[in-house]
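Q: I have a structure in front of me and would like to learn how to read it. Could we go through some features one by one?

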Amino acid sequence: MGLNRGIATVALAAVGLLGLSACAGGTTEPAEPVAEAPEFDAGTTMAALAEAGTITIGTKFDQPLFGLQGLDGEPVGFDVEIGKIIASELGISEDNIEWVETVSANREPFIENGTVDIVVATYTINDTRKEVISFAGPYYLAGQDILVLEGNPEGITGPEDLAGKNVCSVAGSTSEKNIAEYGVNLITTDTYSNCLEPLRNGAVVAVTTDNVILAGLADQNPGEFEVVNNPFTSEPYGIGLARDDDAFRSFINDVLEAAYADGRWADAWNATAGTVLDLPEPPAVDRY
């Protein structure tokens, strides 16, 4: 109700200004119509966020192509654009999004304790995580792969070649759990970018996580690294939200499907990850 009154006030002010301009003999372009604020059922997360006019979104700050902190301090990337699409359907402009850096180990805690409203952060949907949070999506399907030094001096072609060797991944990630099954000597850190120096200096022979993340790191450091390009898992990326908030999850899934249909999803990809990677088919959302 307060939001609608605010919009009405802005609209009336705009009309008044146009009238004054006309009386003064000046010319002006017709005002853009003021969009009506979306209306949601009382008591829903959507209604609360729309009324507040702001949303807090957790994302990565060190993932080229998906979530990377820019020079102005704001993150950019495909995940960021997905977050903006969701916010816009709540009537929230991108200027009113609060971005919070999330790393693999704190995504679930940030959702559970209310630090963020949603997480869009190369976040693989799995059953273990669904025990404490819910997921909308997926909005992208990745696959775990391996990053090595340019020229692949160790001749690594897949995870089997890493047995007994030092490999870097991120603590608390799906990638960490997946690669541990191959008998590697696992070196973990908090961000994938922190795995690059150990790879450079020979402390590890490889870095492993999702192929799109590795492609971004290689693209950001031309001539230093290459991706083996042999994915060995399927990683559906979802949007994390509070557990059992079924109405909010359904809303986000509706937004994703609309963005698939009207081209916003493809536009978001082409402007970010699509500068390096081909446009994929959007995945079907899971209506569990």
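Q: Which side chain meets that of Arg249 in a salt bridge?
A: Bear in mind that this model is predicted. The side chain of Arg249 meets that of Asp246, at 2.9 Å from N to O.

Q: How many residues apart are Arg249 and Asp246 in helix α8?
A: The general idea first: an α-helix has 3.6 residues a turn, so residues three or four places apart point the same way. Here Arg249 and Asp246 are 3 residues apart in α8, which means about one helical turn separates them.

Q: Is Arg249 buried or exposed?
A: Arg249 counts as buried, at 6% relative accessibility. Its partner Asp246 counts as partly exposed, at 41%.

Q: Which residue forms a salt bridge with Arg287?
A: That residue is Asp254, and the closest N and O atoms of the pair are 2.8 Å apart. Arg287 lies in the segment after α9 and Asp254 in helix α8, so the salt bridge ties together parts that are 33 residues apart in sequence. Arg287 is partly exposed, with a relative accessible area of 40%, and Asp254 is partly exposed too, with 42%.

Q: How many salt bridges does a search of the whole structure find?
A: The search finds 13. Salt bridges can also link up into a network, as they do for Glu81, Lys84 and Glu94.

Q: Where is Asp244, and what is notable about its phi?
A: Asp244 is in the loop between β13 (235-242) and α8. Its phi is near 65°, a positive value in a residue other than glycine. Asp244 also forms a salt bridge with Arg243, with the closest N and O atoms 3.7 Å apart. Asp244 counts as exposed at 53% relative accessibility, while Arg243 counts as partly exposed at 45%.

Q: Which value does phi of Thr122 have, and where is this residue?
A: Phi of Thr122 is near 40°, again a positive value in a residue other than glycine. Thr122 is in the loop between β6 (118-119) and β7. Thr122 is buried, with a relative accessible area of 5%, whereas Asp244 is exposed.

Q: What should I look for in the peptide bond from Gly137 to Pro138?
A: Look at omega: it is near 10°, and the bond is cis. Pro138 is in strand β7.

Q: Which cysteines form a disulfide?
A: In general, a disulfide is a covalent bond between the sulfur atoms of two cysteines. In this model the count comes to 1 disulfide. Cys168 and Cys195 form it, with their sulfur atoms 2.0 Å apart. The pair links distant parts of the chain, 27 residues apart: Cys168 is in strand β9 (residues 166-170), and Cys195 is in the loop between β10 (185-189) and α6 (196-200).

Q: Is this disulfide left-handed or right-handed?
A: The torsion about the S-S bond of Cys168 and Cys195 is about -70°, so the disulfide is left-handed. Cys168 counts as buried at 1% relative accessibility, and Cys195 counts as buried at 0%.

Q: Which residues of helix α9 are buried?
A: In α9 (residues 264-271), the buried residues are Trp265, Ala266, Ala268 and Trp269. Seen down the axis of α9, these residues fall within an arc of 160°, so they line one face of the helix. On the other side of α9, Asp267 and Ala271 are exposed.

Q: What covers the buried residues of α9?
A: The cover includes α3 (78-89), β7 (133-142) and α8 (246-262).

Q: How many residues does the largest nonpolar core have?
A: The general idea is that in soluble globular proteins, nonpolar side chains tend to be buried together. In this structure the largest nonpolar core has 54 residues, and those with the most contacts inside it are Ile118, Tyr139 and Ile239. Helix α8 gives the most to this core, with 7 residues.

Q: Which residues is Ile239 in contact with, leaving aside its neighbours within four places in sequence?
A: Among them are Ile82, Ile86, Ile118, Tyr139, Ile252 and Leu256. The contacts of Ile239 also include Ser134, Phe135 and Ala136.

Methods. Residues are numbered from 1 along each chain as its sequence is written. This is a predicted model: local features need pLDDT of at least 70, side-chain atom pairs count only at pLDDT 80 or more; totals for chains, interfaces and linings use all residues. Side-chain values use heavy atoms; hydrogens and water are left out. Buried means under 20% relative accessible area, exposed over 50%, partly exposed in between (1.4 Å probe, protein chains only). Helices (H or I, at least four residues) and strands (E, at least two) are DSSP runs, numbered from the N terminus. The arc is that of the directions from the helix axis to the C-beta atoms. Contact means heavy atoms within 4.5 Å. A disulfide is a pair of cysteine sulfur atoms within 2.5 Å. A nonpolar core is a set of buried Ala, Val, Leu, Ile, Met, Phe, Trp, Tyr and Cys residues joined through side-chain atoms within 4.5 Å. A salt bridge is a side-chain nitrogen of Lys or Arg within 4 Å of a carboxyl oxygen of Asp or Glu.
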